[in-house]
Amino acid sequence: MNSNYINAEQEIETYAGKDLGLTYSAECSFFKVWVPTAFTVSLVLYDTGGNGTEGAGSGFRDSGRIVNMLRQEGGVWVARLSGDLKGRYYMYRAVYGDGTIREAADPYAKAVSANGVRSAIVDLRDTDPEAWAGDESPALPHPADAVIYELHVRDFSSAADSGMQHKGKFKAFTESGLRDSAGHALGIDHLAELGITHVHLLPVFDFQTINELAADSGSAAEPYFTEYNWGYDPQHYNVPEGSYSTNPSDPAVRIREMKEMVQALHSKGISVIMDVVYNHTYSVEKGPFQPLVPDYFYRHDYNGRLSNGSGVGNELATERPMVRKYIKDSLAYWASEYHIDGFRFDLMGLMDSVTMREISEELRLEVNPSLLLYGEPWTGGESPLAAKTLKGVQKGKGYAVFNDNFRSAIKGDSDGWGKGFATGEYGREGAVASGIKGAIHEFTDSPAETVNYVAAHDNLNLWDKVLATQGLRQAAGLPELDNGRLRHGGSVEAAVAAADPYIGVDPQDILGDEAVRRSLLASGIILTSQGIPFLQAGDEFLRSKYGDHNSYRSPDAINAIRWENKGKFLPVYEYYKGLITLRRKHPAFRLHGRQEIERSLEFLRCDGGVVSYLLKNNAGGDEWNNIVVIFNANPGPVIQALPETDGCWNIVVDHTSAGAEAFRSIEGPEVQLEGLSLMVLYDKYGQPGPRSKIIEIHYERPDGDYRGWNLWVWGTGIQDGQSDFRQMKDGHAVARVEVLPEAASIGYILRLNDWEEKDGAGDRFIDCSGSKELIQVIIRDRVQENSGDKDDPLQLTS
């Protein structure tokens with residue numbers, strides 16, 4: 001079918017309602033689908049999931065019942081069926097003006113049959129685990145308080161030594177009380193013990209390249225099926241992946257078990273972030289959109305061809321109204337139905353900046369004010385999209401981006417021999433310093449906008465990268481892999497068994513090993529820098545993927561987390577745990593704004609393989625008066641001068657140990673730092689006053705439409721600039737602005753998006769003098785303010 005949407009936005013009907021898809025009840029079910037270009041659309045009801053195994057050998061027919069749908073305004077087709085349809089399956093059949101007939105699953109499907117063949121009808125309340133209504137997300141007062149741990153569902157439990165019964169499944173996260181032979185915590189208890197705040201799960205929506213029936217079906221496998229995949233190949237965006245469930249043939253099981261996983265993590269105080277892929281689909285013709293609304297959902301280049309900024313053959317046209325709506329509806333569904341606490345956006349550069357801004361504003365206002373949002377500010381290739389979400393676009397918009405500048409400065413390139421500060425190259429000190437400050441003088445407005453990391457699922461993981469920079473790949477016998485197979489043939493499992501990625505590491509002196517020290521230095525920089533730290537699962541016990549830099553379809557032998565390494569490299573684990581404890585106990589490492597960083601963080605040295613800085617004057621309300629942090633990337637020891645103090649300097653981190661308690665002290669004007677190590681010292685405890693005051697601003701609009709409205713604030717002393725309304729309270733949109741305790745007033749302008757419109761003509765001010773730690777005010781338009789409503793308990797702004 002020829003496209004009507006190439007190179008120019010053609011006029012097409014749109015729909016604003018939030019009820020697309022199936023609305024189920026035991027009495028009746030409503031089906032709504034947006035297919036504006038079809039001549040007619042029918043609902044087809046089936047008794048089976050369409051995998052060809054139900055009723056096999058008994059002459060069973062699965063022709064389906066056809067129900068005509070009615071067209072409504074906005075290009076929406078509707079059908080209402082009485083009775084309880086739970087347990088049935090459905091598809092949409094569309095006929096177009098040229099006679100083409102297509103049958104497809106519901107793009108808004110919330111449940112599907114195995115391998116996503118058909119949409120399924122379930123009662124979502126039947127899928128709620130016990131006490132699900134009481135499940136609550138752990139508190140996240142500020143994005144900088146997060147410590148993110150990136151994890152693949154299957155990797156978590158698939159190793160033989162994991163101790164988990166439900167290997168590779170959502171339910172593995174519900175298995176607690178597991179210990180190895182030495183008594184070390186495994187599985188979910190390990191995550192809680194480590195101290196991370198958020199688990200970032202690689203895609204858990206239904207993806208296309210795993211045969212969910214491989215273990216129990218005789219059906220032919222599709223040619224693209226693999227045993228393992230990361231999941232960046234979307235099929236059904238609003239349904240959990242079936243291969244992670246214990247019974248993919250029952251549509252309700254995957255839903256219930258994913259909720260059980262979320263509930264289990266929440267019970268341990270750990271929030272859940274979903275990795276989402278709204279930039280492309282695995283297939284166009286077999287994807288969730290093309291069969292029903294040809295070409296609308298995909299971006300095209302100036303020659304009318306599918307654009308390929310994703311590098312996998314297509315891009316979603318996020319700038320189009322119904323694509324943008326789909327993404328926002330999908331995210332809101334996951335956040336509300338599954339209690340998801342945040343989202344990481346794959347190739348966020350391919351998502352237009354307006355869509356990202358609206359996601360940030362609307363999801364927090366309507367669903368969860370504490371959602372953590374971040375993504376990759378780059379593309380996988382050239383794209384005709386003008387408004388790309390690249391580094392810097394996120395300024396003031398309420399979401400963060402990965403800081404690849406910082407990553408490269410610390411470790412060097414991602415897949416090769418190239419070195420960085422922690423891996424042996426001088427001259428990177430300035431770039432490291434920029435990252436330590438939260439990139440506030442580079443591409444961010446605040447530290448809450450940068451995700452700091454050295455390794456993720458893509459590219460060499462941290463340990464393998466260190467081996468590469470030290471020239472140890474060959475000595476370690478790491479195999480050469482390509483697309484999950486040995487480049488020269490043979491058994492991957494045998495090659496892995498023959499390799500020794502920990503060659504030369506003395507089990508009696510693990511922290512003395514050069515490669516270990518370099519890896520701890522790299523992660524130590526991340527965990528003590530301003531911003532949001534991000535770790536890859538297994539870094540805390542030197543996880544290796546045997547040199548595979550692109551393990552997206554490699555077997556478990558490569559990807560599985562080997563839990564035996566926790567006991568084997570326990571000092572490394574304890575070091576990571578200590579650094580996380582230090583960060584979480586001391587707000588000086590979690591400053592909230594640009595002005596706060598500029599006032600509190602001072603560099604002492606930034607040359608010759610050494611970066612050192614001072615967090616001063618009870619930074620961020622910290623109980624420690626002054627904190628010195630030193631990174632030494634030289635192979636040998638260095639001497640670092642210390643600021644003057646009337647007492648001694650107490651060491652909480654050095655080359656032997658890390659934590660929040662002092663284990664030795666230094667008197668005198670300088671300290672010696674061992675080679676390839678970090679050190680954290682403080683001078684004395686103080687009695688800091690309140691860190692800040694909070695101004696809670698309630699905005700009242702007569703039309704009740706708060707979309708796009710935000711505050712531009714100044715004079716806070718912590719973070720000036722855009723401040724979003726994050727929640728609704730008593731019919732008002734509410735924003736919370738943090739200000740210094742000594743601030744007497746702050747200024748603000750109420751604006752629509754980026755100065756498209758202002759509510760009020762000039763600058764306005766809020767009196768915040770006095771000792772109150774919480775100040776509540778209300779903003780109304782000028783007409784309302786002049787009406788003099790004296791019954792409102794909140795003070796009006798000036």
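This text leads through a predicted model, taking its sheets, its hairpins, its internal cavities and several individual loop residues in turn.

The open sheet is a suitable place to begin. Four strands make up this sheet in the order β1-β2-β6-β5, and their pairing is antiparallel. Strands β1 (21-24) and β5 (70-72) occupy the edges; each has a single partner strand, so one side of each is left without a neighbour in the sheet. On average, neighbouring strands here are turned by 25° against each other, direction ignored. Within the sheet, β2 and β6 run antiparallel and are joined by 7 bridges. One residue pair serves to locate this register: Phe 30 stands opposite Arg 80 in β6.

The strands that follow lead to a hairpin. Arg 88 is found in the loop between β6 (76-82) and β7. With a relative accessible area of 24%, Arg 88 is classed as partly exposed, because the value falls between the limits of 20% for buried and 50% for exposed. Leaving aside residues up to four places away in sequence, Arg 88 touches Leu 45, Tyr 46, Asp 47, Ala 120 and Ile 121. A sense of the extent of the model comes from a pair of C-alpha atoms: those of Arg 88 and Pro 637 are 70 Å apart in space, with their positions 549 residues apart in sequence.

Strand β7 (residues 89-95) is joined to β8 by 4 bridges, and the two run antiparallel. In this pairing Val 95 stands opposite Ile 101 in β8. The hairpin of β7 and β8 has 5 residues between the strands, and Gly 99 takes a positive phi near 90° there. Strand β8 (residues 101-104) has two faces: Arg 102 and Ala 104 lie on the covered one, whereas Ile 101 and Glu 103 lie on the uncovered one.

Backbone angles deserve attention at two further positions. Most residues other than glycine have a negative phi. Ala 131, although not a glycine, has a positive phi of about 70°. Ala 131 lies in the loop between β9 (119-120) and β10 (148-151). Its relative accessibility is 57%, over the 50% limit, and therefore Ala 131 counts as exposed. Asp 295, likewise not a glycine, has a positive phi of about 75°, and Asp 295 is placed in the loop between β14 (271-276) and α4. Is Asp 295 buried or exposed? At 10% relative accessibility, under the 20% limit, Asp 295 counts as buried.

Both of these loops adjoin strands of the barrel. The barrel is closed, has 8 strands and runs β10-β11-β14-β15-β16-β17-β18-β21, with parallel pairing. Its neighbouring strands are turned by 30° against each other on average, direction ignored. As an example of the pairing, β15 (residues 342-345) and β16 (residues 372-375) are parallel over 4 bridges, and Gly 342 stands opposite Leu 372 in β16.

The interior can now be considered. Rolling a probe the size of a water molecule over the atoms shows where empty space is left. In this model there are 6 cavities of 30 Å³ or more, and the largest cavity has a volume of about 120 Å³. Which residues lie nearest the centre of the largest cavity? They are Leu 20, Trp 34, Pro 107, Tyr 108 and Phe 297, from a lining of 14 residues. By class, this lining has 12 nonpolar residues and 2 charged ones, with no polar residues. Strand β2 (28-34) and helix α4 (321-337) each supply at least two residues of the lining. The largest share, 3 residues, comes from β2, a strand already met in the open sheet.

Further along the chain, Pro 690 lies in the loop between β29 (677-682) and β30 (693-700). Pro 690 is partly exposed, with a relative accessible area of 45%. Apart from residues up to four places away in sequence, Pro 690 touches Pro 741 and Glu 773. The C-alpha atoms of Pro 690 and Leu 740 are separated by 8.8 Å, although the two residues are 50 residues apart along the chain.

A second hairpin follows. Strand β31 (residues 709-714) pairs with strand β32 (residues 721-724) in the antiparallel sense over 4 bridges, and Trp 712 stands opposite Gln 722 in β32. There are 6 residues between β31 and β32 in this hairpin, and in the turn Gly 715 has a positive phi of about 85°.

Methods. Residues numbered from 1 in each chain as written. Predicted model: local features only at pLDDT ≥ 70, side-chain atom pairs only at ≥ 80, totals over all residues. Heavy atoms only, no water. 1 Å grid on protein atoms, 1.4 Å probe; cavity = no way out; pocket = protein on both sides within 12 Å on 5 of 7 lines; lining within 4 Å. Points joined across faces, edges and corners; volume = space filled by probe spheres on them. Nonpolar A, V, L, I, M, F, W, Y, C, P; charged D, E, K, R; others polar. Buried < 20%, exposed > 50% of the residue type's maximum accessible area, 1.4 Å probe, protein only. Contact = heavy atoms within 4.5 Å. Pairing = 2+ DSSP bridges. Axes fitted to C-alpha atoms, helices over the stretch in contact; angles between N-to-C directions.
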